[in-house]
Amino acid sequence: MHFDHMNVRGSHSQSRARVSYSKLTAPSNTMKNTSTIGPALPLAVASGILGFAASASAAQITVAGIDVPAPQTTEWKTSTTPKTFDIDGDNIYGSLASINFTIAFPGAQALGSSTLGVGFVGSGPQFNQPEYADIDKVTGGPVDENAGLALNTFTFELTGTAEDYTGKTVRVGFMQDILGAGEQPADLGKTLELTQVAGIGGGASGIVPVRGLAAGDGVPEFYFFDITGVVPGDRFTINSPNPVGAVSGYISAGSFDLIPEPSTALALVTGIGMLSMLRRRG
Ligand SMILES: [Ca+2]
Ligand SMILES: [Ca+2]
């Protein structure tokens, strides 16, 4: 476990963070936040009840892909748009669960649930403004809705049974660059880091620069992370600290896909190989 993100977090002053916060949260005359995504059940159901097998191995977090561009990001729910980083076979990001902050969280399960899915543990304050980027509705494209966001941080729990995760990889993606034109020049110096915060293990992805720390252009990108060795009840936090002199860090829409067991993937690769051999013969 390491705490590099805390160094980044500590590199700005409280006063700057406060200024940044007000920039990002300037009220809109035309739209108000109607709701905030929250836990499906009271937190009394929270972890600590589950007994984890001491022999289970710790979850591992790796970076799968960064700066994955439009249109596959904005059209994340449109299956006819090719998806470079979706390998569960349906060409849709977020087949297991998806969240668009302030709007909906299909696939959400109660914390501690034995049903496969994702539990909402907590997030920074959530916002949605009319000038934010248009993305496919979280409940299904191609109809669009505004991308919402959570300031700085979002923590989730992976729910289900041990069998649900054995030998599999959970691929999680989070959008960036959804702010309106007025905030894009200051949407720079951003980073993301995914860290395990509860359960077995305490790994981290390492710090991922967003757009190479460059300013935004309002065309959203996805940042993907892979988690292996999951034990139900494991919790993870995606952090985007406040950079100095810029608008606040934020997490926008998130996708969760469960990648089939390696044996299945291998069979697919083998099948493709055989197809190409047949083509060469034909
Ligand atoms: Ca998928
Ligand atoms: Ca962009």
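**Exercise 1.** Determine which residue of β13 stands opposite Phe 154, and how the strands concerned are joined.

*Solution.* Phe 154 stands opposite Ile 238 in β13, where strands are DSSP runs of E with at least two residues, numbered from the N terminus. The next step is to place this pair in its strands: β8 covers residues 153-159 and is joined to β13 by 5 bridges, the two running antiparallel; two strands count as paired if DSSP finds at least two bridges between them. The model is a predicted one, in which local features need pLDDT of at least 70 and side-chain atom pairs count only at pLDDT 80 or more, while totals for chains, interfaces and linings use all residues. Residues are numbered from 1 along each chain as its sequence is written, and chains are lettered from A and ligands numbered from 1 in the order in which they are written.

**Exercise 2.** Work out the order of the strands in the sheet that contains β13, and say which strands stand at the edges.

*Solution.* Begin with β10 (residues 191-198), which is joined to β13 by 5 bridges and runs antiparallel to β13; Gln 196 has Phe 236 as its bridge partner, and Leu 194 stands opposite Ile 238. Continue from β10 to β11, a pairing in the antiparallel sense over 2 bridges, in which Leu 192 stands opposite Val 208. The complete order is β3-β8-β13-β10-β11, an open sheet of 5 strands with antiparallel pairing. Because β3 (117-123) and β11 (208-209) each have a single partner strand, they stand at the edges, and one side of each is left without a neighbour in the sheet.

**Exercise 3.** Decide whether the residues of β13 are buried or exposed, and assign the directions in which they point.

*Solution.* A residue is buried if 20 or more other C-beta atoms, placed from the backbone, lie within 10 Å of its own, exposed if 12 or fewer do, and partly exposed in between. By this criterion 5 of the 5 residues of β13 (residues 235-239) are buried. As to direction, in a regular strand the side chains alternate between the two faces of the sheet. In β13, Arg 235, Thr 237 and Asn 239 point one way, whereas Phe 236 and Ile 238 point the other way.

Definitions and conventions. Helix = DSSP H or I, 4+ residues; strand = E, 2+ residues; numbered from the N terminus.
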